[in-house]
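These are my notebook entries on one protein structure. I set down what I looked up, one topic at a time.

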Amino acid sequence: MGARREHRARESGQVTVLIIGFALVLLMAIALVVDSSAAYLQRQGLDTLADGAALHGADLGSVGAYQEGIPQERLLQTKAGVHQVVGEYLHAAGAYQRYPGLKHQVYVDPVARVVRVTVRAPLELPLRIPGGTKSTMITATGTAAVTVLR
């Protein structure tokens, strides 16, 4: 009987350590889910913004349709025209207020006649996992072309 008491005395506090360990793992899992959800939601918003900017740029950045006539397949865009229109679209949509630190890049493919807009914005993570980063950069890309159907 004395050996049993001695065994219990050595294990005293082991359950507490186990519970604290499980609590820490649970808190880290919650932080991971919250941060992942915040990143996903921001990416969704940036996806919508990039798609809208690309469509706007492909449409209003097109040149020559009125002077030279409508081409057979896709309208041609100029980089300067598309870049200006995309910037105006992002300002009008309130993107710079909603996503502080937002940056955008515009690529116009003259061969395929496609406009690609990439937007990047920092995200301050709501919860921070110990050893993890405080913020991250979220990127989204939208591509559009104006196709002529006859």
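Is Arg128 buried or exposed? I looked up its relative accessible area, which is 55%, so Arg128 counts as exposed. The cut-off for that class is over 50%. I note here that the model is a predicted one.

**Entry: surroundings of Arg128**

I located Arg128 in the loop between strand 4 and strand 5. Leaving out residues up to four places away in sequence, I found that Arg128 touches Asp35, Thr133 and Lys134. I also looked up a pair far apart along the chain: Arg128 and Met28 are 100 residues apart in sequence, and their C-alpha atoms are separated by 8.6 Å.

**Entry: Asp35 and Leu127**

I turned next to Asp35, which belongs to helix 2, residues 14-60. Its relative accessibility is 9%, and Asp35 is therefore classed as buried, the cut-off being under 20%. Apart from neighbours within four places in sequence, Asp35 is in contact with Leu125, Pro126, Leu127, Arg128 and Ile129.

Which backbone atom lies 2.9 Å from a polar atom of the Asp35 side chain? I found that it is the backbone nitrogen of Leu127. Leu127 sits in the loop that runs between strand 4 (114-124) and strand 5 (135-144). With a relative accessibility of 36%, Leu127 counts as partly exposed.

I then checked the surface around Leu127. Leu127 joins Ile20, Leu24, Leu26, Leu27, Ile30 and Val34 in a nonpolar surface patch. Together these residues have about 620 Å² of accessible area.

**Entry: Thr136**

I placed Thr136 in strand 5. At 30% relative accessibility, Thr136 is partly exposed. Not counting neighbours within four places in sequence, its contacts are Ala121, Pro122, Leu123 and Leu125. For Thr136 and Leu125, which are eleven residues apart in sequence, I noted a C-alpha to C-alpha distance of 7.4 Å.

**Entry: the nonpolar core**

Which residues of the largest nonpolar core touch the most other members? Among its 24 residues, I found these to be Leu46, Leu49, Val86, Leu90, Leu102, Val117 and Val119. At least two residues of this core come from each of helix 2, helix 3 (79-92), strand 3 (103-109), strand 4 and strand 5. Helix 2 provides the largest share, with seven residues.

I looked more closely at Leu102. Beyond residues up to four places away in sequence, Leu102 touches Leu46, Leu49, Leu90, Ala95, Tyr96, Val119, Arg120 and Ala121.

**Entry: the salt bridge**

I searched for salt bridges and found that the structure holds one. Asp47 forms it with Arg43, and the closest N and O atoms are 2.8 Å apart. Because Asp47 and Arg43 are four residues apart in helix 2, about one helical turn separates them. Arg43 is partly exposed, at 32% relative accessibility.

**Entry: the whole protein**

I ended with the overall layout. The protein has four helices and five strands, and along the sequence they follow the pattern α-α-β-β-α-α-β-β-β. Of the 150 residues, 28% are buried. I looked up the contacts between residues at least 6 apart in sequence, and 62% of them join residues at least 24 apart. The accessible surface comes to about 10,300 Å², with 60% of that area belonging to carbon and sulfur atoms.

How values were computed: Residues are numbered from 1 along each chain as its sequence is written. This is a predicted model: local features need pLDDT of at least 70, side-chain atom pairs count only at pLDDT 80 or more; totals for chains, interfaces and linings use all residues. Side-chain values use heavy atoms; hydrogens and water are left out. Buried means under 20% relative accessible area, exposed over 50%, partly exposed in between (1.4 Å probe, protein chains only). A polar contact is a pair of N or O atoms within 3.5 Å; within protein, one must be able to donate a hydrogen and the other to accept it, and residues adjacent in sequence count only if both atoms are side-chain atoms. Contact means heavy atoms within 4.5 Å. Patches are made of residues with over 30% relative accessible area and no salt bridge: like charges are joined within 9 Å, nonpolar side chains (Val, Leu, Ile, Met, Phe, Trp, Tyr) within 5 Å. Accessible areas come from the Shrake-Rupley method with a 1.4 Å probe; for residues, only the protein chains shown count as cover. A salt bridge is a side-chain nitrogen of Lys or Arg within 4 Å of a carboxyl oxygen of Asp or Glu. A nonpolar core is a set of buried Ala, Val, Leu, Ile, Met, Phe, Trp, Tyr and Cys residues joined through side-chain atoms within 4.5 Å.
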